[in-house]
Amino acid sequence: MIKKYHPVYKEEYEQWIAAHQQEIEEVSKDPRRLHYHLMPKIGWLNDPNGLCQLKGTYHIYYQYDPFDVRGELKLWQHVTTKDFIHYEEQEPFLFPDSELDTHGAYSGSAFIQGDTIHYFYTGNIKLFDRDDYDYIHNGRVANTIHLTSKDGVHFDEKQLVMGMQDYPKGFTQHIRDPKIIEEDGIFYMVQGARDMKDHGAILLFASQDLNHWQYVRSLQSDEPFGYMWECPDLFELEGQKILITCPQGVDTQGVDYANVHSTVWMQVDGTIKDSLRISQIHQLDRGFDFYAPQSFQDEQGRRILIGWMGIPDADYTNPTTEDGWQHALTIPRELHWKDGKLFQQPLSELKVLRKETLHFNAKSLCERQYDGECYELEALFQECEQMTLSLNEEIQITYQDHLFTLDITKCGYKRTTRSVYLDSLNNMRIFSDTSSLEIFLNDGSEVFTTRIYPTRPRCVTLNTKEGDTKITLYPLTAHQVK
Ligand code: FRU
């Protein structure tokens with residue numbers, strides 16, 4: 001029997017899956033299932049984990065709870081691909097089946113050295129020997145666990161490399177989500193943390209051999225910014241150090257930080273060995289459903305990022321919950337750093353999904369009334385002052401007085417609008433799937449990632465005073481998952 005706060009063993013999982021084939025079949029028939037995004041075949045998905053490429057094969061793992069659509073018991077599900085078009089669903093990689101991770105194989109990452117993948121993740125344990133734990137300052141164990149694999153499928157033993165006694169004083173018990181970066185021959189690990197004053201931070205640890213770790217120092221913003229930083233990812237991109245992290249509980253400021261929890265990129269200067277300083281903070285995504293992204297460098301040297309197309313503690317219920325599944329991963333995106341800004345661009349492999357190329361201007365798009373659900377739309381503007389793009393009566397995308405707004409009030413399940421101010425709107429690329437939208441503005445310097453639940457057929461129209469807006473629309477086919 002699968003029970004909360006009990007270990008989950010592989011054999012039990014296999015029996016459970018065998019006994020729930022009918023439900024899995026039902027889930028697969030939901031018309032809101034996405035066509036080119038990874039999703040759980042049943043139950044719940046959250047953070048991408050352990051992203052890496054070894055000998056040509058990309059490994060994508062994610063936080064997975066097949067047993068409960070609201071997500072309680074965290075396993076690591078595993079999918080592989082060589083081209084981001086053909087995927088193979090593998091058996092779960094990690095089960096919370098040891099005394100180190102009994103209450104969840106929480107998020108973690110992969111680091112490749114030679115022909116070996118080193119994984120680091122948080123083994124989550126809740127204590128129940130007293131009834132007055134607050135589970136912030138006491139009652140929790142966050143074990144940092146290390147394991148290695150030569151193929152991304154089989155691994156040696158789970159080894160504890162840090163426990164509660166190894167974390168610094170001045171921090172609560174909310175410490176998790178290890179990620180590795182190498183600098184000048186030393187390995188560093190970042191972990192997300194919440195300090196005793198309820199300010200978010202990352203903790204930095206150093207190692208010469210990936211087994212023995214020592215605390216270096218913490219890193220925080222000059223002004224407090226949220227109470228906990230989850231899923232930190234520190235990396236160097238085109239000569240600039242960037243920290244992506246998920247601060248929880250940042251106050252809304254105008255149109256910024258409108259979600260309950262945020263995801264940001266921070267410009268970080270200095271060296272890890274001597275000192276680091278955060279010099280700029282910017283929202284990584286402006287939509288309703290984006291959190292816990294993770295990046296990795298592939299064998300071609302590209303920095304690829306995948307996020308969770310969902311958010312924790314959301315104040316709305318995803319309607320697919322009733323159909324036995326929740327959430328998905330974003331499309332993979334390539335990161336670039338230019339002129340002091342981080343850019344996200346859909347991975348070029350996705351072009352293979354294009355079925356045909358249709359050219360429009362605003363007028364001909366209205367006449368044609370394109371009504372597909374799965375497509376990529378590219379619009380190139382010339383001095384755009386105002387525009388309204390309707391995907392059907394239920395979704396409006398507008399730009400006026402430098403304010404770009406996505407309005408999903410009519411199909412958002414209580415969610416309404418998200419916006420960003422832009423100096424100018426030069427181009428827009430939209431990836432539309434059955435129940436999701438990913439909108440990349442100005443070469444991906446601003447992105448909106450959102451689940452949508454329209455009930456009426458789509459019909460794309462664009463109204464703008466500039467008649468020469470060039471629109472290219474590519475109907476997209478589904479990716480394949482075996
Ligand atoms: C972020 C997160 C991580 C944690 C994981 C548990 O969504 O809360 O901090 O490791 O999810 O599933």
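This report describes the overall build of a predicted protein model and then a selection of its loop residues.

Residues are numbered from 1 along each chain as its sequence is written, and side-chain values rest on heavy atoms, with hydrogens and water left out. In this predicted model, local features need pLDDT of at least 70 and side-chain atom pairs count only at pLDDT 80 or more, while totals for chains, interfaces and linings use all residues.

## Overall build

The protein contains three helices and 34 strands; these are DSSP runs numbered from the N terminus, with at least four residues for a helix (H or I) and at least two for a strand (E). The radius of gyration is 22 Å, which agrees with the value near 23 Å that a compact globule of 482 residues would have. That radius is taken over C-alpha atoms, and the globule rule is 2.2 Å times the number of residues to the power 0.38. The C-alpha trace spans about 65 × 55 × 45 Å along its principal axes.

Of the 482 residues, 62% are buried. Buried means under 20% relative accessible area, exposed means over 50%, and partly exposed lies in between (1.4 Å probe, protein chains only). Among contacts with a separation of 6 or more, 60% are made by residues 24 or more positions apart, where contact means heavy atoms within 4.5 Å.

The accessible surface amounts to about 19600 Å², and carbon and sulfur atoms contribute 45% of it. Accessible areas come from the Shrake-Rupley method with a 1.4 Å probe; for residues, only the protein chains shown count as cover. The protein carries 47 positive and 74 negative side chains, and the centres of the two sets are 2 Å apart. Lys and Arg count as positive and Asp and Glu as negative, with His and the chain ends not counted; each charge is placed at NZ of Lys, CZ of Arg, CG of Asp or CD of Glu.

## Polar contacts of loop residues

Three loop residues form polar contacts through their side chains, as tabulated below. A polar contact is a pair of N or O atoms within 3.5 Å; within protein, one must be able to donate a hydrogen and the other to accept it, and residues adjacent in sequence count only if both atoms are side-chain atoms.

| Side chain | Partner side chain | Distance |
|---|---|---|
| Asp298 | Tyr58 | 2.6 Å |
| Glu72 | Lys4 | 3.3 Å |
| Asn259 | Arg418 | 2.8 Å |

Asp298 sits in the loop between strand E17 (291–297) and strand E18 (303–309). Its relative accessible area is 5%, so Asp298 is buried. Apart from neighbours within four places in sequence, Asp298 is in contact with Gln53, Tyr58 and Ile304.

Glu72 belongs to the loop between strand E2 (57–65) and strand E3 (75–81) and, at 34% relative accessibility, is partly exposed. Beyond neighbours within four places in sequence, Glu72 is in contact with Lys4 and Asp65. Lys3 is 69 residues away from Glu72 in sequence, yet their C-alpha atoms are 9.6 Å apart.

Asn259 occupies the loop between E14 and E15 and is buried, with a relative accessible area of 15%. A polar atom of the Asn259 side chain also lies 2.8 Å from the backbone oxygen of Gly287. Outside neighbours within four places in sequence, the contacts of Asn259 are Gly287, Phe288, Ile311 and Arg418.

## Residues with positive phi

Tyr257 is found in the loop between strand E14 (240–248) and strand E15 (264–271). Its phi is near 50°, a positive value in a residue other than glycine, and Tyr257 is buried at a relative accessible area of 7%. Lys55, likewise not a glycine, has a positive phi of about 45°. Lys55 lies in the loop between strand E1 (43–54) and E2 and is exposed, with a relative accessible area of 60%.

## Two further loop residues

Leu425 is placed in the loop between E28 and strand E29 (427–433), and its relative accessibility of 1% makes it buried. Not counting residues up to four places away in sequence, Leu425 touches Phe381, Cys384, Met387, Tyr399, Phe404, Leu441 and Asn442.

Tyr413 lies in the loop between strand E27 (403–407) and strand E28 (417–421) and is partly exposed, with a relative accessible area of 41%. Residues up to four places away in sequence aside, Tyr413 touches Arg32, Tyr316, Thr317, Pro319 and Tyr453.
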